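Got the viewer open and the cartoon turned on? Let's walk through this one stop by stop, selecting as we go.

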Amino acid sequence: MQIWVDADACPGVIKTILYRAAERKQVMLTLVANQSLSVPPSPYIRTLRVEAGFDIADNEIVQRCEAADLVITADIPLAAEVLEKGAQALNPRGELYTEHNIRQRLNMRDFMDTMRASGVQTGGPAPFSQGDRQAFANALDKILAKI
């Protein structure tokens with residue numbers, strides 16, 4: 001198992017949790033971004049810098065991930081693609097995307113895009129909270145306990 005992170009939009013506190021988990025479980029953690037990232041020195045943590053552009057990092061993650069891998073992302077279309085490959089997808093708020101909930105998430109995302117395109121102010125996601133951080137850590141621990 002490897003952990004892939006859609007790192008451009010991943011909160012710093014989530015990255016810190018992932019660094020500790022990679023060391024503790026000795027699992028390879030790869031942060032994919034279109035900018036340089038500073039990560040702790042570790043044989044289990046690496047970065048992969050990709051070109052800037054629409055879905056470049058997402059496409060790289062989809063291409064490289066395998067069925068047993070875990071992908072950390074808030075990007076619902078990316079989550080859907082890695083699920084199709086048999087990988088798991090977890091968002092930074094601790095929600096595990098599954099075959100059962102991904103279609104609903106995609107439909108809601110498309111609906112909200114349509115609303116915004118028609119001029120409706122949708123507000124955006126709630127601020128990242130301590131509860132979100134804890135939910136992510138708990139979900140990650142459950143997944144890593146299985147390896």
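Two strands count as paired if DSSP finds at least two bridges between them. Helices (H or I, at least four residues) and strands (E, at least two) are themselves DSSP runs, numbered from the N terminus. Keep in mind that this is a predicted model: local features need pLDDT of at least 70, side-chain atom pairs count only at pLDDT 80 or more, and totals for chains, interfaces and linings use all residues. Residues are numbered from 1 along each chain as its sequence is written, and side-chain values use heavy atoms, with hydrogens and water left out.

**Stop 1: the sheet**

Color the strands first. Six of them form an open sheet with mixed pairing, in the order E3-E2-E1-E4-E5-E6. At the edges you'll find E3 (45-49) and E6, each of which pairs on one side only.

Now select residues 2-6, which is strand E1. Is E1 mostly covered or not? It is: four of its five residues are buried. Here buried means under 20% relative accessible area, exposed means over 50%, and partly exposed is in between (1.4 Å probe, protein chains only).

Add residues 28-33, strand E2: E1 and E2 run parallel and are joined by five bridges. To see one bridge pair, pick Asp6, whose partner in E2 is Val32.

On the E4 side, select residues 70-72; E4 runs parallel to E1, with three bridges between them. Click Ile3 and you'll see Leu70 of E4 standing opposite. Carry on to E5, which is parallel to E4 and joined to it by three bridges. Here Ile72 stands opposite Leu90 in E5.

While side chains are showing, a general point: in a regular strand they alternate between the two faces of the sheet.

**Stop 2: the start of the chain**

Select Met1, in the segment before E1. Met1 is partly exposed, at 31% relative accessible area. Then add Met28: the two are 27 residues apart in sequence, but 7.6 Å apart in space, C-alpha to C-alpha.

**Stop 3: over the top with H1**

Show E1, H1 and E2 together; they make a right-handed β-α-β unit. Right-handed means that, with the strands pointing away from you, the path from the first strand over the helix to the second runs clockwise.

Next, bring in H5 beside H1. How are two packed helices described? By the angle between their axes and the distance between the axes. H1 and H5 pack at about 25°, with axes 11 Å apart. That makes H1 roughly parallel to H5; angles under 35 degrees count as roughly parallel, over 145 as roughly antiparallel, 65 to 115 as roughly perpendicular and the rest as oblique. The axes are lines fitted to C-alpha atoms, for helices over the stretch in contact, and angles run from 0 to 180 degrees between N-to-C directions.

The H1 and H5 crossing is right-handed. A crossing gets that name if the near helix is turned clockwise from the far one by less than a right angle, and left-handed if anticlockwise.

**Stop 4: a second helix pair**

Select H2 and then residues 76-84, helix H3: these two pack at about 15°, with their axes 9 Å apart. H2 and H3 are therefore roughly parallel to each other, and H2 passes H3 in a right-handed crossing.

**Stop 5: salt bridges**

Switch to sticks. A salt bridge here is a side-chain nitrogen of Lys or Arg within 4 Å of a carboxyl oxygen of Asp or Glu. By this rule there are five salt bridges; here are some to click on.

- Arg24 and Asp141: the closest N and O atoms are 3.0 Å apart. This pair links distant parts of the chain, with Arg24 in H1 (residues 12-25) and Asp141 in H5 (residues 130-145), 117 residues apart. Arg24 is exposed at 52%, while Asp141 is partly exposed at 38%.
- Arg64 and Glu60: these meet at 2.5 Å, N to O. They are four residues apart in H2 (residues 56-64), which means about one helical turn between them. Arg64 is partly exposed at 38%, whereas Glu60 is buried at 18%.
- Glu95 and Arg105: the closest N and O atoms are 2.3 Å apart. Glu95 lies in the loop between E5 (88-90) and E6 (96-97) and Arg105 in H4 (residues 102-117), so the pair ties together parts that are 10 residues apart in sequence. Glu95 is partly exposed at 25%, and Arg105 is partly exposed at 24%.
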